[in-house]
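This report covers selected backbone features of one structure. The sequence and structure come first.

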Protein chains: 4
Amino acid sequence: MDRSDPATEIARAAAAYSNAGRWGADDVIGTLNLLDAAKRVEGARLVRRGVAFSLSQRFDMEGPQKGWRRRTNPVHTMLDTGLDAERGVQGFPHGIGGADDVVAMPLQCSTQWDGLGHIFDHGTAYNGRRAGDVVTSLGDGVTGIETVAGLIAGRGVLLDVGRALGEDLHGTGGELPDGFAITAEHLDATIAAQGPTSAVGPGDLVVVRTGQYSRTRREGWGDYAGGAAPGLSFTTAGWLRERDIAGIATDTWGFEVRPNEFDVAFQPLHQVVIPHLGLFVGEMWAPDALAADCAADGVHEFWLTAAPIPVTGAVGAPVNPIAVK
Amino acid sequence: MDRSDPATEIARAAAAYSNAGRWGADDVIGTLNLLDAAKRVEGARLVRRGVAFSLSQRFDMEGPQKGWRRRTNPVHTMLDTGLDAERGVQGFPHGIGGADDVVAMPLQCSTQWDGLGHIFDHGTAYNGRRAGDVVTSLGDGVTGIETVAGLIAGRGVLLDVGRALGEDLHGTGGELPDGFAITAEHLDATIAAQGPTSAVGPGDLVVVRTGQYSRTRREGWGDYAGGAAPGLSFTTAGWLRERDIAGIATDTWGFEVRPNEFDVAFQPLHQVVIPHLGLFVGEMWAPDALAADCAADGVHEFWLTAAPIPVTGAVGAPVNPIAVK
Amino acid sequence: MDRSDPATEIARAAAAYSNAGRWGADDVIGTLNLLDAAKRVEGARLVRRGVAFSLSQRFDMEGPQKGWRRRTNPVHTMLDTGLDAERGVQGFPHGIGGADDVVAMPLQCSTQWDGLGHIFDHGTAYNGRRAGDVVTSLGDGVTGIETVAGLIAGRGVLLDVGRALGEDLHGTGGELPDGFAITAEHLDATIAAQGPTSAVGPGDLVVVRTGQYSRTRREGWGDYAGGAAPGLSFTTAGWLRERDIAGIATDTWGFEVRPNEFDVAFQPLHQVVIPHLGLFVGEMWAPDALAADCAADGVHEFWLTAAPIPVTGAVGAPVNPIAVK
Amino acid sequence: MDRSDPATEIARAAAAYSNAGRWGADDVIGTLNLLDAAKRVEGARLVRRGVAFSLSQRFDMEGPQKGWRRRTNPVHTMLDTGLDAERGVQGFPHGIGGADDVVAMPLQCSTQWDGLGHIFDHGTAYNGRRAGDVVTSLGDGVTGIETVAGLIAGRGVLLDVGRALGEDLHGTGGELPDGFAITAEHLDATIAAQGPTSAVGPGDLVVVRTGQYSRTRREGWGDYAGGAAPGLSFTTAGWLRERDIAGIATDTWGFEVRPNEFDVAFQPLHQVVIPHLGLFVGEMWAPDALAADCAADGVHEFWLTAAPIPVTGAVGAPVNPIAVK
């Protein structure tokens, strides 16, 4: 890989791994085509103990956003409160009172899925469409997140790279340092270390734990939003394509390693996997409780439901992923 | 039931069916205590064909809200679009472009769960707490929706009362008229008509289809938000308590029948089931595709994941419920 | 005027009345070039009695917006209230308490100025720029409303066409019916009826009262936002250009008559006066109290300050115009 | 002044300087009672050259807010852009295109007036009302900013304390260091230094320049929002009351000196002047251009219009103040 020439490397990977046309010219769901009914039946069989884990961070003003591209943390305000109800100012009969609330938030502010309209390569969106034919000021009229509202439930696999390859200095099980580029070899080594329940294949939903989120719980957010982070190497594009996974999510802001691996670059792996593979990428997930359970029982596969809120035309959306073992 | 005396009837039902203290003075999750690991194992066994259904309405400006108590429809705006990417104005290197977006919405604007801090009875919230000790302008500091972020996955049962008791004049399977009060007898008759897969018991998540949502798809929203609607009768409070269900959701704005059954009233069943039973109530769900499938195969039970977005301190939250059969 | 051929008529008016290039190729403030220091001195001399009038409607959820192009009414929510302060939950020392609040609103939701980036003609903005070179998803980078933050204070003239030409059936002084197209002749007749203090010339800020706002105060908003309304005729483009006014505002949603005067049209006068004249257009102003005063003392000129909130890059902005006589 | 006993000092100042009852038990406008018609006539006479200055900071994401009490910077997003218009996706006839936008912002995020419902003393608001009787989740139902929508236009006086008492190391005219407490003596010394046009009396609107805003323009916002700052000393409460001014504004986040002068305190001067004097306080104003002009011509008085956007029930509101000399 030539660190000084991202354009060529990106074009090469795009050409090598593209799924454009694979599911027809009209396709709008990309790798979710791989998550079929049989896969769901297989996934549901993984519920053995009935324990459930939310993989969502909390949505609130205490989040990591610092304003990059006008991304704020969620602002949650009340329309009515218990204090109003107690004071009797709500105007309802027979003693009923209520509380009600509002949120204003970027759809990428916290735990989320990137939609296929989130990233473009040279003005081209997933499946060879012009970016401006897909996403205008009215939103994503083609691959809006609502098109996958009912699909993302299947077999999940945790690849706890932080635990497999990182040091455990703080009782979190292990964390990768910022800037650590997770390669295909690292992914395979993690699978090998974890054992057969972590085999990854077509239609799977892969959750990668780097441990960076654990670090923020101990040390504060710091530069979690956009700063240095462990994450997938640009060179994993082929691994992701060959495994034919349906989606992948990490516990970091941006899925791929930061600083990015080219001298001058911004999220080059996104530029390959979203518009060319049509891959669903999740970010800012919170896998720690699940990871501890997987480490304890040695089972790294589970039933995963990760249904985004179907904001019409959204290029990504908040999600509260639920893993059940 | 004395239509002219809601205060007495509400107090009577509250006293008769209260779960206050049942799970300890510190309990914050109410009837979700009934949805345990065994129930999840049982629920997951219901995934047989691997077909998945989103029970969420779309979140957008075309929704039903009309401003009551400042509830708007979601406003979704773009921070960046494909047109900007094509035009090359985003300032990114090597041809990457992106789209990003923001939403501002009431947490009760569309498909949602009511949290336990959403409704009070005479200034008292769930488990005997003062309303103002629970929900201030900072949000619900006790029973905020984040407290149940990982819990709501279990056995779902569809009670398609619209189909069982309503007329099918429009090919939707059947719809109840606005103002139709669904009683315990109606619920039991629906279960009987649907057969044994619709038995309802402890820890279940019950989805009631009235058919009103089908009607809005044909005729427009009209007064869906707060107007006349079919829904549960005030008299079902005992049925809900005795079945010990974990949650219930309907395809209507407000779960209970409207106009309410007392001469002067506002959501009296809420006033009993939320602060006294600690029951989780879902509203504005979209069960039609699932209902058609259940009618077709005769199986009315399924695996249901309905994980609210964990907005810290929220008294309710958007959810994209996923049913898998 | 050929009602069936808006394209030709618009092109003709645009060519005839354009100010493109008049103040240089780099100009971004259009007709506000005409509001100079001398004009301000003249305007300030009109303060004789010291009485002040706000010409702003209230900004709140009870406004006229109905969702057209995602325009809602303002949603005002509290971050802290007096109830919280009384309850002592704010965490401040020595008894201080506070209230704080948030608003989410379209910049065109209520009393506002249209910026020069608000309207385009065939992809062209004011002064011959490409629309996409002016307004991207990052806002108006050229003629954003902040460029005129300090300019709009000068001589105001009220043309109370409603009072001069309308019937006064309700004690409001007179109202024009919806659909009434105010022509140059009507404007001149109003000036003649009102007398010499209403002479209109270069650099003036003209406030036109149709009386429609008075009607909404009596009858409710109805279709005020985008429905039928009295307003300026397309044929006034020449009058507006020849008078060389600095700005014009009306008490209606959209300044020009609605339905528009062509068979198939949408705001054709906007299409001429904003991108071609560079004229500042105000909408949804509330001139009734001022108008009553002017009718009483016969003086229709005043000192007007109408300073938009300088939201960077905005294509229009809320304003609380203050007239002082 | 006993630095260790804010409660006693605040109570003493409140008792000594209160305007409660002065304008009747029903009064809701406090010191704006002092800004009468005669004062406006006097103020308008100050327009001699016709030069106008906006005293507003820009409202955008690049502002100083950092999230304290959920205060964000304004988020400005587009509903439609010039790129959409050029692309022809807006659906309008005859070549018209448009841009439209939305803002979400705290009402105290940038240049603003504090309303009288913004601060309480031991649960009491202006004019002896209970805080919870004034401001609930529905907003300020008594002293909402709309009650003063048309009033704030009068004689403005700049007290450029930064220039009079600070050092001019950076060509800004002079800046006070953070933590500098401006006393009555400092205010009087500034008036003396500036000359007779800066005399301050009943009904005046006083703008105090500390120079901190100049510093942020050079060095970045830093901790402007809530951090250390020059500002009025707690001991100026009497000066403010005795001069009987109608309002006062500064170029800092919080009007009074920070850190506050008591050992443990939060904005003690607010606690006296808002709920007890009923004084209108402006914050985050941008007086630098005006100040340079005043320094140049030696005239420190002007005509000032500072009309807040009348968000119904707001406890403060954005304003674009316009000074004309």
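## Backbone features in two chains

Pro259(C) sits in the loop of chain C that runs between strand 13 (247-250) and helix 9 (268-277); helices (H or I, at least four residues) and strands (E, at least two) are DSSP runs, numbered from the N terminus. The peptide bond that joins Arg258(C) and Pro259(C) is cis, with omega about 0 degrees.

The model is predicted, so local features need pLDDT of at least 70, side-chain atom pairs count only at pLDDT 80 or more, and totals for chains, interfaces and linings use all residues; side-chain values use heavy atoms, with hydrogens and water left out. Residues are numbered from 1 along each chain as its sequence is written, and chains are lettered from A and ligands numbered from 1 in the order in which they are written.

For chain A the average pLDDT (the predictor's confidence in each residue, from 0 to 100) is 97, and 100% of the residues score at least 70. The model has an ipTM of 0.97 and a pTM of 0.97.

In chain B, the bond from Arg258(B) to Pro259(B) is cis, with omega near 0 degrees. Pro259(B) belongs to the loop between strand 15 (247-250) and helix 9 (268-277) of chain B.

Two residues of chain C that are not glycine have a positive phi. Accessibility classes are buried (under 20% relative accessible area), exposed (over 50%) and partly exposed (in between), with a 1.4 Å probe and protein chains only.

| Residue | Phi | Loop in chain C | Relative accessibility |
|---|---|---|---|
| Arg69(C) | about 50 degrees | strand 1 (52-54) to strand 2 (75-80) | 21%, partly exposed |
| Phe255(C) | near 70 degrees | strand 13 to helix 9 | 0%, buried |
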